[in-house]
Amino acid sequence: MTETKQKRKPRKYTDEFKQQLVDLYCSGKRRCDICSEYDIAHSLFDKWVKQAENSGSFHEKDNRTPEQEELIKLRKDN
């Protein structure tokens with residue numbers, strides 16, 4: 001790693017913050033503008049939008065398909 005680049009610490013975002021950004025997007029603000037203004041990766045923002053549309057929750061366990069839940073259950077049983 002070069003001296004000019006420093007490793008970024010993982011950031012944590014509240015559900016309220018995520019919902020505010022999704023609401024901005026739904027009200028018409030451009031995705032690229034939101035991501036650059038709040039310094040968020042496009043893929044992360046896309047994930048939040050998808051989660052909000054699917055279940056309304058930003059928690060991974062709430063967004064699993066029944067098939068994914070079954071696989072997790074099978075792994076725990078073994």
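This report describes how the helices of a predicted model are built and how their buried residues come together in a core.

**Two helices side by side**

The table sets out the extent of α1 and α3, with the span running from the first C-alpha to the last.

| Helix | Residues | Length | Span | Expected span |
|---|---|---|---|---|
| α1 | 15-26 | 12 residues | 16 Å | 16 Å |
| α3 | 42-54 | 13 residues | 18 Å | 18 Å |

In both α1 and α3, the span is close to the value expected at 1.5 Å a residue. Each is followed by a glycine with a positive phi: G28 comes after α1, with phi near 120°, and G56 comes after α3, with phi near 80°.

**The faces of α3**

The buried residues of α3 are F45, W48, V49, Q51 and A52. Because they fall within an arc of 165° when the helix is seen down its axis, these residues line one face of α3. An α-helix has 3.6 residues a turn, so residues three or four places apart point the same way. The face of α3 that is turned away from the buried side carries S43, K50, E53 and N54, which are exposed. The buried residues, for their part, pack against α1 and against α2, the helix formed by residues 31-38.

**The faces of α1**

In α1 the buried residues are K18, L21 and V22. Seen down the axis of α1, they fall within an arc of 100°, and therefore they too line one face of their helix. On the other side of α1, E16 and Q20 are exposed, while the buried residues of this helix pack against α2 and α3.

**The nonpolar core**

Which residues make up the largest nonpolar core? This core has 10 residues in all, namely L21, V22, I34, C35, I40, F45, W48, V49, A52 and F58. The elements that give two or more residues to the core are α1, α2 and α3, and of these α3 gives the most, with 4 residues. The buried residues of α3 include Q51, and those of α1 include K18, but neither Q51 nor K18 is listed among the members of the core.

I34, one of the core residues, offers a view of the contacts around a single position: leaving aside residues up to four places away in sequence, I34 touches L21, L24, Y25, K29 and F45. Among these partners, L21 is a buried residue of α1, and F45 is a buried residue of α3.

Notes: Residues numbered from 1 in each chain as written. Predicted model: local features only at pLDDT ≥ 70, side-chain atom pairs only at ≥ 80, totals over all residues. Heavy atoms only, no water. Expected span 1.5 Å × (residues − 1). Buried < 20%, exposed > 50% of the residue type's maximum accessible area, 1.4 Å probe, protein only. Arc of directions from axis to C-beta. Contact = heavy atoms within 4.5 Å. Core = buried A, V, L, I, M, F, W, Y, C linked by side-chain atoms within 4.5 Å.
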